[in-house]
Amino acid sequence: MIDKATIANPKTHYGHGGTRHFIVQRITGALNVLFTLFFVWFVLHLAGADRAQMVEVVRNPIVAVILCLLIINVCVHMRIGMNEVIDDYVDEGRTHNLARAANAAFAIIVAALTVLSVVKIAFWG
């Protein structure tokens, strides 16, 4: 059983960045709603388009920047959400730390590779 002093102590994982993560999760979730509207437009605009038309749309600086922001926002939201799952279902200790590290690494790798893909298309087709 966990006592109130443990939960109130900011040095335990219960008090570690909880409010910040809560706020960031809500902000990224709200931004995801806006980005979904852009993404629906993007997919509908490119429906039936060939590769050359797709490259031209992504080469637009506004579209490329919004795509990169969308990717980063989704990856941050995903990392925080998965950390909550890990905190709830993985016991404290080495496995817990490994799971959190793997989650952070996965989110960073996904964000980096997809942003680099958008940059490649935007600059080099």
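Me: What makes the pair of His 21 and Arg 20 a polar contact?

Reply: In this predicted model, the side chains of His 21 and Arg 20 come to 3.3 Å. A polar contact needs N or O atoms within 3.5 Å, and neighbours in sequence count only if both atoms are side-chain atoms. The contact runs from side chain to side chain, so the pair passes.

Me: Why is His 21 called buried?

Reply: Buried means under 20% relative accessible area. His 21 has 14%, so the word fits. You can find His 21 in helix H2, which covers residues 18-46.

Me: Where is Leu 31, and why is Leu 31 called partly exposed?

Reply: Leu 31 is in helix H2 too. The relative accessible area of Leu 31 is 34%. Partly exposed lies between the 20% limit for buried and the 50% limit for exposed, so Leu 31 belongs there. Leu 31 also helps make a nonpolar surface patch of about 590 Å², together with Phe 22, Ile 23, Ile 27, Leu 34 and Leu 37.

Me: How do you know that the span of helix H5 agrees with its number of residues?

Reply: Helix H5 takes in residues 94-124, which is 31 residues. At 1.5 Å a residue, the helix should span 45 Å. The C-alpha atoms at its ends are 43 Å apart, so the two values agree. After H5 comes Gly 125, with a positive phi near 75 degrees.

Me: Which residues of H5 are buried, and what do they pack against?

Reply: The buried ones include Asn 103, Ala 107, Ala 111, Val 115 and Val 118. The buried residues of H5 pack against helix H3 (51-59) and helix H4 (61-89). Here is a handy idea to keep in mind: an α-helix has 3.6 residues a turn, so residues three or four places apart point the same way.

Me: What makes Arg 100 and Asp 87 a salt bridge?

Reply: The rule asks for a side-chain nitrogen of Lys or Arg within 4 Å of a carboxyl oxygen of Asp or Glu. Arg 100 and Asp 87 meet at 2.7 Å, N to O, so they satisfy the rule. Arg 100 lies in helix H5 and Asp 87 in helix H4, so the pair ties together parts 13 residues apart in sequence. By this rule the count is 1 salt bridge.

Me: Why does Arg 100 count as partly exposed?

Reply: Arg 100 has 24% relative accessibility. Buried would need a value under 20%, and exposed one over 50%, so Arg 100 is partly exposed.

Technical notes. Residues numbered from 1 in each chain as written. Predicted model: local features only at pLDDT ≥ 70, side-chain atom pairs only at ≥ 80, totals over all residues. Heavy atoms only, no water. Helix = DSSP H or I, 4+ residues; strand = E, 2+ residues; numbered from the N terminus. Buried < 20%, exposed > 50% of the residue type's maximum accessible area, 1.4 Å probe, protein only. Polar contact = N/O pair within 3.5 Å; in protein donor to acceptor, adjacent residues only side chain to side chain. Expected span 1.5 Å × (residues − 1). Contact = heavy atoms within 4.5 Å. Patch = residues over 30% accessible without salt bridge, like charges linked within 9 Å, V, L, I, M, F, W, Y side chains within 5 Å. Areas by Shrake-Rupley, 256 points an atom, 1.4 Å probe, with all protein chains shown as cover.
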